[in-house]
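Got a few minutes to go through a structure together? Have a look at the chain, and then we'll trade questions and answers.

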Amino acid sequence: MRWRGRRQSENVQDARGQGGGFGGGGLGRGGGVRLPMGRGVGGGGISGILILVVLFFALRACGIDPLAILEEASGPAPGGGGQITETTDTQASDEMTQFVSTVLAETEDVWNGIFQAEGLDYTEPTLVLFSRQVRSACGYASAASGPFYCPGDRKVYIDLAFYDQLERQFEAAGDFAQAYVLAHEVGHHVQNLTGILPKFNEMRQSMSQAEANQMSTRVELQADCFAGIWGHFTDQKGLLEQGDLEEALNAATQIGDDTLQRRTQGYVVPESFNHGTSEQRATWFNRGFQSGKLADCDTFNNPI
């Protein structure tokens with residue numbers, strides 16, 4: 001990915017090294033949407049979710065700002081064989097910070113453009129960089145949770161050490177694989193702005209775990225598709241290099257529920273899937289990448 005020398009987002013908060021106690025509880029049921037191994041959000045009412053999206057744009061057409069309504073209603077170094085010097089480690093960290101800041105800026109450009117085409121204003125999320133543990137509006141989380149999006153404060157959280165894990169443990173190397181992870185979480189932000197996540201968090205309270213898992217999968221696959229839409233327009237800018245798409249598709253494959261379960265426990269439990277299989281995740285990312293159209297990301301009214 002040709003990212004060097006491009007605009008970096010100002011919506012980046014560096015919380016690394018701040019420390020602080022790590023409380024119990026973790027991310028609550030009304031909280032963050034994780035990648036790759038979190039429980040995600042569940043929900044219900046497939047047709048109701050699609051209606052929410054239509055209603056969102058219809059309200060704006062009538063001069064009503066649904067984002068303001070939502071705002072009022074919402075609550076709160078790769079390892080090597082030799083010794084790595086402090087300077088080298090700092091330089092690697094600085095470069096990765098520049099990279100995610102640039103990718104975030106690219107998502108801002110794409111989603112601002114998409115929202116503006118519909119006569120809407122896109123509220124940009126904040127990216128929080130943390131190390132080991134962090135406190136968000138969704139509760140406490142550790143690096144073991146993986147990157148996640150918190151709808152309560154509209155922030156994406158990531159410990160950059162995850163990218164080393166992505167390459168070494170999940171066998172998903174490449175800068176566009178890393179960009180896909182961030183774009184997926186931004187996809188959840190888009191879902192939050194359009195009312196999908198608040199509705200899920202409300203409706204899943206009355207759902208069984210199995211039902212919540214099934215609906216969570218649809219939410220996650222739509223976020224993958226939204227990440228693909230970002231990739232589509234990034235490719236149109238001429239920023240992608242040969243092999244970049246394959247990197248993202250491989251990353252989506254490596255963090256599918258079935259692949260992760262085989263890797264960690266040696267067998268799969270389909271009823272526990274809450275992010276989608278490897279095939280589903282790669283398919284929906286590629287669908288968004290090929291079309292660049294929101295209408296092609298309807299995971300709620302189409303077979304997944």
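Q: How many bridges join strand S6 to S7, and do the two run parallel or antiparallel?
A: Bear in mind that we're looking at a predicted model. S6 covers residues 148-150, and Phe 148 sits opposite Tyr 157 in S7. The count of bridges between S6 and S7 is three, and the strands run antiparallel.

Q: Which residue in the hairpin of S6 and S7 takes a positive phi?
A: The hairpin leaves four residues between its strands. One residue there has phi near 55 degrees, and that's Arg 154.

Q: Which strand is joined to S7 by four bridges, and which way do they run?
A: S7 spans residues 155-158, and its partner here spans residues 126-129. As one example of the pairing, Thr 126 has Lys 155 as its bridge partner in S7. The strand is S3, and the two run parallel.

Q: What handedness does the disulfide of Cys 138 and Cys 150 have?
A: The S to S distance for this pair is 2.1 Å. Cys 138 sits in the loop between strand S4 and strand S5, while Cys 150 is in strand S6, 12 residues apart. The torsion about the S-S bond is about 95 degrees, so this disulfide is right-handed.

Q: Are Cys 138 and Cys 150 buried or exposed?
A: The cut-off to use is under 20% relative accessible area for buried and over 50% for exposed. By that test, both Cys 138 and Cys 150 come out as buried.

Q: Which cysteine forms a disulfide with Cys 225?
A: The structure holds two disulfides, and in this one the sulfur atoms are 2.0 Å apart. Cys 225 belongs to helix H7, and its partner lies in the segment after helix H10, 72 residues apart. Both ends of the link are buried, and with -75 degrees about the S-S bond it is left-handed. The partner is Cys 297.

Q: What pattern do the disulfides of the chain follow?
A: Count the bonded cysteines along the chain. One link joins Cys 138 to Cys 150, and another joins Cys 225 to Cys 297. That gives the pattern 1-2, 3-4.

Q: Which helix gives the largest share of the largest nonpolar core?
A: This core has 60 residues, and Met 1, Val 100, Trp 111, Tyr 163, Leu 166 and Tyr 180 touch the most other members. Leaving out residues up to four places away in sequence, Met 1 touches Phe 99, Phe 176 and Trp 230, among others. The largest share, 10 residues, comes from residues 175-193, that is, helix H5.

Q: How many residues make up the second, separate core?
A: Its members include Ala 15, Val 134, Ala 141 and Phe 148. Phe 148 is the residue we met opposite Tyr 157. The size of this core is nine residues.

Q: Is Leu 104 buried or exposed?
A: Leu 104 lies in helix H3. Setting aside neighbours within four places in sequence, its contacts include Ser 9, Pro 125, Leu 182 and Val 186. Its relative accessibility is 1%, which means that Leu 104 counts as buried.

Q: What distance separates the C-alpha atoms of Leu 104 and Glu 124?
A: Along the chain, Leu 104 and Glu 124 are 20 residues apart. In space, their C-alpha atoms are separated by 9.4 Å.

Q: Within what arc do the buried residues of H6 fall?
A: In helix H6, the buried residues are Ile 196, Leu 197, Phe 200 and Asn 201. Look down the axis of H6 and they line one face of the helix, because they fall within an arc of 125 degrees.

Definitions and conventions
Residues numbered from 1 in each chain as written. Predicted model: local features only at pLDDT ≥ 70, side-chain atom pairs only at ≥ 80, totals over all residues. Heavy atoms only, no water. Pairing = 2+ DSSP bridges. Core = buried A, V, L, I, M, F, W, Y, C linked by side-chain atoms within 4.5 Å. Buried < 20%, exposed > 50% of the residue type's maximum accessible area, 1.4 Å probe, protein only. Contact = heavy atoms within 4.5 Å. Disulfide = S-S within 2.5 Å. Arc of directions from axis to C-beta.
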